[in-house]
Amino acid sequence: MSEGARAEDQRRGRAMLFAAGFGRRMQALGREMPKPLVPVRGRPLIDRALARLMAAQQVPVVVNCHHKADRLQTHLAERIRAGQVILSDERARLMDTGGGVVQALPLLSEGPVTLVNGDALWRERPGAAPALAALKAAFDPMVMDVLLLLVPRTAAIGHDGAGDFFAPHGLDPAVARPLTPRGSAAEAPYVFTGLQRVDTALYRGRPRDPWSNRLLFEAAAQAGRLYGLCLDGDWMHVGTPDALAAAEAALATDDPADRADAMGAA
């Protein structure tokens with residue numbers, strides 16, 4: 001890659017945050033605003049995630065938009081002007097996660113990037129490595145296509161699902177290990193947190209149509225190249241008003257990491 005091409009690539013997104021969905025389970029809040037703008041203890045979900053990405057030096061961040069896109073764009077206007085955020089406009093067609101990355105490829109840097117769901121809310125335990133840094137450090141393109149951050153289903157706050165993945169050798173916060181999707185099993189012990197590390201090369205040549213990243217997960221698992229890390233901390237699924245209340249209760253303590261996020265978002 002030439003120096004000019006390398007400089008241009010550095011101006012592209014090093015991460016992507018999915019913010020285009022409707023958030024229907026949030027009921028009135030989802031109808032009023034994009035789900036990533038839902039405030040948790042006074043701070044929108046997207047501001048919390050962007051603060052973490054900034055702290056991990058994974059900027060600029062590509063943010064896609066569809067539902068209430070004008071409101072999201074207004075909220076992010078200062079970050080867009082500062083070069084911290086690049087919008088990927090899906091107003092014409094909602095592309096889902098996989099199709100959204102394909103559409104955003106011209107805006108993303110080449111090689112591994114971090115993908116974050118717009119409703120992801122997490123915090124590390126005191127002394128634990130930051131989850132985004134752990135994902136980046138553990139991603140090994142020689143043996144894996146996708147690296148997911150997971151949490152035990154029994155420890156997921158506000159989550160009422162059956163779990164997403166098995167880890168035959170267990171999971172560790174520091175060592176990536178192979179995963180198997182739940183498939184037709186009644187339940188699985190680990191839940192996907194909405195944070196992942198993946199190489200953009202996986203999306204090249206794929207259709208610019210709506211499709212889910214779950215297809216990549218399944219293909220990677222079949223090839224033995226789907227891996228996971230366990231979050232060393234708390235994960236909150238802010239999917240419903242009740243789950244929002246549970247997340248706010250979990251964050252009610254005076255948490256140093258939460259204060260640091262607020263400073264990063266200022």
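This is a conversation about a predicted model and the reasons behind some of the words used for it.

Trainee: How confident is the predictor in this protein, by mean pLDDT?

Mentor: The mean pLDDT is 92. On top of that, 91% of the residues reach 70 or more.

Trainee: Where does pLDDT stay under 50?

Mentor: Over residues 262-266. The model has 7 contacts beyond four places in sequence for that stretch. Where pLDDT is low, the predicted coordinates should not be read in detail.

Trainee: Why is Arg41 called partly exposed?

Mentor: Compare the value with the cut-offs. Buried is under 20% and exposed is over 50%. Arg41 has 40% relative accessibility, so it counts as partly exposed.

Trainee: What is notable about the phi of Arg41?

Mentor: The phi is positive, about 50°, although Arg41 is not a glycine. Most residues other than glycine have a negative phi. Arg41 sits in the loop between β2 and β3 (43-44).

Trainee: And what makes Asp96 partly exposed?

Mentor: Its relative accessibility is 39%, so Asp96 falls into the partly exposed class. Asp96 belongs to helix α6. Its phi is positive too, about 65°, and Asp96 is not a glycine.

Trainee: How do you know that Glu90 has no salt bridge?

Mentor: Look at the distance. A salt bridge needs a side-chain nitrogen of Lys or Arg within 4 Å of a carboxyl oxygen of Asp or Glu. For Glu90, the nearest side chain of opposite charge is Arg208, and it is 8.7 Å away. The conclusion is no salt bridge, although Glu90 is buried.

Trainee: Where is Glu90, and what does it touch?

Mentor: Glu90 lies in the loop between β5 (85-89) and α6 (96-104). Among the residues it touches beyond four places in sequence are Ala20, Asn64, His66 and Gln103.

Trainee: What makes helix α3 mostly covered?

Mentor: Count the buried residues. In α3 (residues 45-55), 9 of the 11 residues are buried. They include Leu45, Ile46, Asp47 and Arg48.

Trainee: What comes just after α3?

Mentor: Gln57, with a positive phi of about 60°. The loop between α3 and β4 (61-65) also holds Pro60.

Trainee: What kind of peptide bond joins Val59 and Pro60?

Mentor: A cis bond, with omega about 5°. Most peptide bonds are trans.

Trainee: How do you know where the buried residues of α9 lie around the helix?

Mentor: Start with the names. In α9 (residues 241-250), Ala243, Leu244 and Ala247 are buried. Seen down the axis, they fall within an arc of 105°, so they line one face of the helix. On the other side, Asp242 and Ala249 are exposed.

Trainee: Why does such spacing work in a helix?

Mentor: An α-helix has 3.6 residues a turn, so residues three or four places apart point the same way.

Trainee: What do the buried residues of α9 pack against?

Mentor: They pack against α2 (28-32), β2 (39-40), β7 (120-124) and β14 (233-237).

Trainee: Which residues of helix α8 are buried?

Mentor: In α8 (residues 214-222), they are Leu216, Phe217 and Ala220. They cover an arc of only 100° around the axis, which puts them on the same side of α8. Elements covering them include β8 (146-152) and β13 (226-230).

Trainee: What follows α8?

Mentor: Gly224, with a positive phi near 70°.

Technical notes
Residues numbered from 1 in each chain as written. Predicted model: local features only at pLDDT ≥ 70, side-chain atom pairs only at ≥ 80, totals over all residues. Heavy atoms only, no water. Buried < 20%, exposed > 50% of the residue type's maximum accessible area, 1.4 Å probe, protein only. Helix = DSSP H or I, 4+ residues; strand = E, 2+ residues; numbered from the N terminus. Arc of directions from axis to C-beta. Contact = heavy atoms within 4.5 Å. Lys, Arg positive; Asp, Glu negative; His and termini not counted. pLDDT = per-residue confidence, 0-100.
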